[in-house]
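Reader: I am new to this structure and should be grateful for a short introduction to its chains and domains. May I see it before I put my questions?

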Protein chains: 2
Amino acid sequence: MSISGSLGSGSVGSLGYVESQRVVLATQDDPLHLRGGGRLDHVEVVYETYGDLSPARDNVVFVCHALTGNAHAAGLHLGSKKRGWWDNLIGPGKPVDTDRYFVVSANLLGGCSGTTGPLSTDPATGAPYCLDFPLLHMTDLVAAHRRLVADLGVERLHAAVGGSLGGMQVLQWAIDDPDAIDRAVVVAASSRLTPENIAFSTVGREAIMSDPDFCNGRYVEQDVFPWRGQKVARMMAHINYVSAESLETKFGRRRTSQGDDWRLDADFEVEHYLQHQGKVFLDRFDALSYLYLTRLLDYFDPFADPGTAEALRRARTRFQVTSFDSDWRFDSAQSAAMATALRDLGVDVDLAEIASPFGHDSFLLQPRGYHERIAAFLD
Amino acid sequence: MSISGSLGSGSVGSLGYVESQRVVLATQDDPLHLRGGGRLDHVEVVYETYGDLSPARDNVVFVCHALTGNAHAAGLHLGSKKRGWWDNLIGPGKPVDTDRYFVVSANLLGGCSGTTGPLSTDPATGAPYCLDFPLLHMTDLVAAHRRLVADLGVERLHAAVGGSLGGMQVLQWAIDDPDAIDRAVVVAASSRLTPENIAFSTVGREAIMSDPDFCNGRYVEQDVFPWRGQKVARMMAHINYVSAESLETKFGRRRTSQGDDWRLDADFEVEHYLQHQGKVFLDRFDALSYLYLTRLLDYFDPFADPGTAEALRRARTRFQVTSFDSDWRFDSAQSAAMATALRDLGVDVDLAEIASPFGHDSFLLQPRGYHERIAAFLD
């Protein structure tokens, strides 16, 4: 919720201080039944809101974060100088304009940033779930957030906006509730991971699960952490998030050592960069959440589900699907396939590829035409 | 050395049983001085030969193996049904025709398949070198093999043929001894790794070196092995060796489980495949050799060396440089850059890109036009 206000309607500014909120959305009396057959008897969701809900409750833009994101999408937390991860998109006068829209950003089920996940306490045992936490489907993540929207007294979203996993959540949401979303903004996503995507995904999980400190998932009880494996997983994944071109531009072959003073450990600037990316990730993300969320991406394949076609045929949702030409994690062919599958079911889709040298991470940046495109679609 | 003969001149057959040989090529009296400043007082090289050396000793084709290859390039070892790694290229009537050429295939310095490497005994201590083994440059690998050629009484090679790291060894050889090679066949290689190449390389080393069983490189003395890290490194590297298209064709999204019976461990066929690749690699390659050989690839940058231009200007070597259109590890742009750098120095280069869906590993396969191209160039 925005505490300090905007710079006034019409000018572009940034949100001031914001706070996270927490709400209980499932209880033993009203558990969350999961697609895989299990259920969760206690679900809390952490979220933030920016801007004001209109009296008609018709100006809600729901923001869906990516794999390792969190609810803090914009503004500042007290005591921190780090702005939310989509602060360049969300704020007064920005494309997701908090002078006009009531923005809701919630942490995913299965995550590790406040919403119920594998490290939460299992009410049945009083201990952390760890690997007893049920495997989730994208539809379970959507279900938790649908409960949040209902709890806020909102019937229909003006828009749902998401990049990467967030975009896939938006797609699943439109399938699961064809009346819920007016405008679906899907950026740098896929409706079906490729075998290469799954290959990278499984190597990251192998690194984590084979770390001796993984302790069969109960590391938190042993007061250890599979940091070696998680660091390797993140370093590798980070290569997926950028492009060969951006690494060339940013680092080239520059190195610390001189001449023939070679070393086995980090020397080239790109190595120091990946070391840094691997290390900072350890402080902000949990290994089990990483396993659960990467795995549900692998299985995500909504157009293979029997009910999808019927649901989308009656969906009252317009789609905007955007890819980036240098994104080789979820490339333009994957966005185009998603758009084709939607159009084949009569859904209105605005598909475009944006030129950007920054690879998959482009969705967090501002390549020319990208934010303008989202602003126009929301308007 | 071929024990059983060919099927006779003119027909295409395979080599029969072959044996590896071992030769001492450096001693305390005649050590191998390394580019990094160190020296090796004892160097053994393991090699195989196929075909017969001509009386004029002018029919030698030297085969250079890739990162994890070995001297066993063709034919069969007694008691094994597994043919050499380049058996489809080398043999009677094949492109590297053992009815005409005397083929020499040697294991690399720094490797783990017979030639001196990090696990060899340090004569100064009587214990394995481990991380006291000096870091090597490509020129050191070439130096060991140049000694082998001299030991065989050969002054000039009809050709040197190599794929991937092997191709880079061929390039370095032509620079280090401009009179040594008549025809240089460089396949799926690079004269300068990209930052993305180095990024993947460093993640593999991180996996190995952060494995608790790496024991600061002295795992062999502890009777352990950093198998977790090496498995992860190999699984990841294997993704580099194939193409997204070949994974799609070979595996698609087929999986073992049915419906919503998801699991965290391997389920999709591509995951089982990578698990298999990771496991079999543990039996056949050493972690320290992996570190040393991947690292020298990172530093390999011959056209940045001051002496390279002068050496190549007087080189009596013709080059054939071949890339594959789906190879994203060492892509066609890297081969084209190498060819341009050579031509700028007046070297004759025949450059071509071969269409093949199999990625980097295409150099071990037979996409249309590839073997024909090598045969024509050698002829």
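Author: Two residues are in contact if their C-beta atoms, placed from the backbone, lie within 7 Å. Please note that this is a predicted model.

Reader: How many residues of chain A are in contact with chain B?

Author: The contact criterion is the C-beta cut-off of 7 Å. By it, chain A meets 40 residues of chain B, and the number of residues that chain A itself contributes is 40.

Reader: Which helix supplies the largest share of the side of chain A that touches chain B?

Author: Helices H3 (195–209), H5 (227–241), H6 (244–250), H7 (269–284) and H8 (287–299) of chain A each supply at least two residues of that side. By class, the side holds 23 nonpolar, 5 polar and 12 charged residues. The largest share, 10 residues, comes from H3(A).

Reader: How are the two copies related?

Author: A turn of 180° with a shift of 0.0 Å along the axis lays chain A on chain B with an RMSD of 0.0 Å. The two copies are therefore related as by a two-fold rotation axis. The same surface serves both copies, for the contact residues of chain A recur in chain B to the extent of 100%.

Reader: What separates the centres of domain 1 and domain 2 of chain A?

Author: In the domain assignment of chain A, domain 1 comprises 21–194 + 302–378 and domain 2 comprises 197–295. Between them, 26 residues of domain 1 are in contact with 21 residues of domain 2. The side of domain 1 that touches domain 2 has 16 nonpolar, 8 polar and 2 charged residues. Taken over C-alpha atoms, the separation of the two centres is 25 Å.

Note on methods
Residues are numbered from 1 along each chain as its sequence is written. Chains are lettered from A and ligands numbered from 1 in the order in which they are written. This is a predicted model: local features need pLDDT of at least 70, side-chain atom pairs count only at pLDDT 80 or more; totals for chains, interfaces and linings use all residues. Copies are superposed by least squares on the C-alpha atoms of residues with pLDDT of at least 70 in both. Helices (H or I, at least four residues) and strands (E, at least two) are DSSP runs, numbered from the N terminus. Ala, Val, Leu, Ile, Met, Phe, Trp, Tyr, Cys and Pro count as nonpolar, Asp, Glu, Lys and Arg as charged, and the others, Gly among them, as polar. Domain bounds come from an automatic or database domain assignment.
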